[in-house]
Each structure stands twice: as C-alpha cells, then as structure tokens.
Amino acid sequence: MPRYYRYLGELLDEGVERISSNELSLKMNVTASQIRQDLNNFGGFGQQGYGYNVQYLYEEIGRILGLEQQHNIIIIGVGNLGQALANYGSFEKMGFMITGLFDINPALDGHMVRGVPVRMLSELEEFAAGHKIDIAALTMPKHTADKLARRLVNLGIRAIWNFAHVDLELMDQDVVVENVHLSDSLMQLSYNMLRNGKKKERQEKGDTENR
Ligand code: NAD
C-alpha cells in the first residue's frame with residue numbers, strides 16, 4: 001500500500017486523473033492482475049472500462065494507511081541519523097510532523113533543527129505531559145534502546161520507529177514497532193549483485209559452449 005500511495009502521489013503531481021491497471025502495472029513493474037488483486041483486498045476502487053480515479057484511490061489508500069490524521073514524532077538521539085531525519089521535510093507532506101528532539105549531549109541543548117530545539121532527555125516526561133506524541137524514532141546507540149523504549153511506553157507512546165540495531169523486547173507491551181535497518185537493504189543489494197553476476201557468468205559460459 002505505501003508503494004501504491006507513492007506512485008499515485010507522483011501521478012497526481014503529473015496531473016494524471018485516471019489510470020488503468022495495465023498502465024499502473026507498467027509504471028510499477030507488477031502485473032495488472034496483482035494490482036487488481038491487491039486493491040480488491042481493500043474493496044476494489046476501480047471501475048470496468050474506466051480504470052482508477054487517481055485522486056480517489058490516493059485518498060482511500062491514505063485513509064487505509066491512517067494518513068488522514070497528523071502524527072507527531074519525537075526523535076531520540078540527534079546525531080547524524082537523527083538530524084538527517086529531522087532535516088527531511090517531505091515527511092510533513094504525509095502528515096508526519098517532527099515536534100520534539102531529544103539527546104543526552106549537553107552541547108546539543110537548544111540547538112535548532114528545522115525550527116525544532118533539541119531538548120535534554122531528562123525533559124522527556126515534562127514534554128510528554130504537554131504534547132501529544134504519536135511516534136518515537138530511536139536514533140541513539142543500541143545499548144540504551146530497550147530501556148528507553150519501555151520508558152516511552154510508560155509515557156503512553158504506542159509506536160516506535162526503531163533505527164537502533166537491536167530487536168526491541170516489547171512483546172509484552174501494547175506498542176507497535178517498525179524496525180528500519182538500512183544495512184539489511186544493502187546486504188540484500190549485495191546478494192542480488194552476486195546472484196546477477198553468477199547468472200551472467202552462466203549465460204556467458206553457455207554462449208561460449210554453444211558456439
Ligand atoms: P551518532 O553518534 O551521530 O548519534 C547518536 C546520538 O545519540 C548522539 O547525539 C548521542 O549524544 C545520542 N545519544 C547517546 N545516548 C543517548 C541516549 N541514551 N538518549 C538520547 N540520546 C543519546 O550516531 P548515528 O550515526 O546518528 O547513529 C545513531 C544510531 O543509529 C546508532 O545506533 C546506529 O547504529 C544507528 N543507525 C542505524 C541505521 C539503520 O539503518 N537502522 C543506520 C545508521 C545508523
């Protein structure tokens with residue numbers, strides 16, 4: 001669904017009002033029947049002979065993804081990664097607003113990132129008492145992640161966007177966790193490169209033998 005949402009957003013930016021499953025399938029590199037099947041799971045949205053109304057489908061998928069409401073995010077750990085996330089303005093377009101930044105390094109206290117001041121982690125409870133927090137992004141070292149996650153859950157935060165390289169042990173808690181590991185993605189790429197290289201080697205070997 002996020003992928004459909006992204007592609008439909010691009011179509012809207014290009015001024016496209018409607019699209020057939022065949023056209024969408026070419027754009028997204030998935031089969032038209034896969035698209036129909038995916039979207040039918042959520043109630044269809046298409047009309048025979050008309051295709052999909054891009055705006056309507058975009059809004060409906062946004063609704064399914066819970067994007068019609070604003071989500072306030074705090075970032076814990078305002079180093080390289082934390083600042084990169086805080087500096088990325090496009091999250092706001094999807095309603096993800098970065099409203100708080102926390103660190104333990106006193107040198108960062110009061111430092112502004114896109115208009116948001118860095119606060120000390122010791123101010124977290126006070127901040128949470130006065131601000132609605134929907135999501136906490138963890139971008140600090142992994143050894144503190146588990147304890148911090150429990151502290152966040154105790155503050156009523158029910159969604160954690162975890163970048164620390166650790167699997168959080170929160171199964172007993174009422175919280176959803178999305179782990180993001182860019183290195184997994186890189187390793188997948190490395191594996192695919194290797195596989196691709198071997199496939200090419202086999203093809204070349206086959207071509208030589210056939211000559
Ligand atoms: P960094 O050293 O630049 O930043 C870490 C920040 O966390 C520092 O500002 C530090 O003062 C702060 N910090 C340390 N302990 C803290 C605590 N208990 N509470 C709040 N803040 C604290 O590091 P970075 O490059 O930004 O990486 C941050 C984390 O993200 C690391 O754990 C790294 O392994 C991880 N990381 C994950 C991915 C991924 O794909 N998941 C990618 C890059 C980095």
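**Entry 1: Leu-155**

I began with Leu-155 and asked whether this residue is buried, partly exposed or exposed. Its relative accessibility is 28%, and because buried means under 20% and exposed means over 50%, I entered Leu-155 as partly exposed. I note here that the model is a predicted one.

I then looked up where Leu-155 sits, and found it in the loop between helix 8 and strand 8. Setting aside residues up to four places away in sequence, I recorded that Leu-155 touches Leu-124, Glu-125 and Ala-128. For Leu-124 I also took the separation: 31 residues in sequence, and 9.1 Å in space from C-alpha to C-alpha.

**Entry 2: The sheet**

From that loop I moved on to the sheet. I recorded an open sheet of 7 strands with mixed pairing, in the order 5-6-4-3-7-8-9. Which strands are at the edges? They are strand 5 (112-113) and strand 9 (176-179), each of which pairs on one side only. I reminded myself that strands of a sheet pair through backbone hydrogen bonds, either parallel or antiparallel.

I examined one pairing in detail. Strand 8 (residues 159-162) and strand 9 run parallel and are joined by 4 bridges. Within this pairing, I found Val-177 of strand 9 to be the bridge partner of Ile-160.

I next looked at helix 8 (residues 145-154), which packs on the sheet and touches strand 3 (71-76), strand 7 (135-138) and strand 8. The direction of helix 8 makes about 170° with that of strand 7.

**Entry 3: Asn-72 in strand 3**

In strand 3 I selected Asn-72. Its relative accessible area is 12%, so I entered Asn-72 as buried. What does the side chain of Asn-72 reach? I found the backbone oxygen of Lys-132 at 3.1 Å. Beyond its neighbours within four places in sequence, Asn-72 is in contact with Met-97, Thr-99, Lys-132, Ile-133, Asp-134 and Ile-135.

**Entry 4: Aromatic pairs**

I searched the whole structure for aromatic pairs and found 5. A pair of aromatic rings is described by the distance of the centres and the angle of the planes.

Why is the pair of Tyr-5 and Tyr-58 stacked? The ring centres are 4.3 Å apart, and the planes stand at 10°; since planes under 30 degrees apart count as stacked, I entered the pair under that heading. The pair links distant parts of the chain, 53 residues apart: Tyr-5 is in helix 1 (residues 2-13) and Tyr-58 is in helix 4 (residues 54-64). Tyr-5 counts as buried at 12% relative accessibility, whereas Tyr-58 is partly exposed at 22%.

I then took the pair of Phe-91 and Trp-161, which is edge-to-face, with 5.7 Å from centre to centre and 80° between the planes. Phe-91 lies in helix 6 (residues 90-93) and Trp-161 in strand 8, so this pair ties together parts that are 70 residues apart in sequence. I entered Phe-91 as buried, because its relative accessibility is 15%. Phe-91 and Trp-161 also belong to a cluster linked by ring pairs, together with Tyr-88 and Phe-163.

**Entry 5: Nonpolar cores**

In soluble globular proteins, nonpolar side chains tend to be buried together. How many residues has the largest nonpolar core? I recorded 33, and among those with the most contacts inside this core are Tyr-4, Leu-8, Leu-24 and Ile-61. Helix 1 gives the most to this core, with 5 residues.

I looked at Leu-8 separately: leaving out residues up to four places away in sequence, Leu-8 touches Val-54, Leu-57, Tyr-58 and Ile-61. I also noted another core, apart from the largest, of 22 residues, including Phe-127, Ala-128, Leu-148 and Leu-168.

**Entry 6: Helix 4**

My last entry concerns helix 4. Its buried residues are Val-54, Leu-57, Glu-60, Ile-61 and Gly-62. I found that what covers them includes helix 1, strand 1 (18-19), helix 3 (32-40) and strand 2 (52-53).

Of these buried residues I checked Glu-60, which has a relative accessible area of 15% and is therefore buried. The side chain of Glu-60 makes a polar contact with the side chain of Arg-63, at 2.6 Å.

Finally, I inspected both ends. At the start of helix 4, a side-chain oxygen of Asn-53 reaches to within 3.1 Å of the backbone nitrogen of Gln-55. Helix 4 is followed by Gly-66, and I recorded its phi as positive, near 75°.

Key:
Residues numbered from 1 in each chain as written. Heavy atoms only, no water. Pairing = 2+ DSSP bridges. Helix = DSSP H or I, 4+ residues; strand = E, 2+ residues; numbered from the N terminus. Contact = heavy atoms within 4.5 Å. Axes fitted to C-alpha atoms, helices over the stretch in contact; angles between N-to-C directions. Phe/Tyr/Trp six-rings, centres within 6.5 Å; stacked < 30°, edge-to-face > 60°. Buried < 20%, exposed > 50% of the residue type's maximum accessible area, 1.4 Å probe, protein only. Core = buried A, V, L, I, M, F, W, Y, C linked by side-chain atoms within 4.5 Å. Polar contact = N/O pair within 3.5 Å; in protein donor to acceptor, adjacent residues only side chain to side chain.
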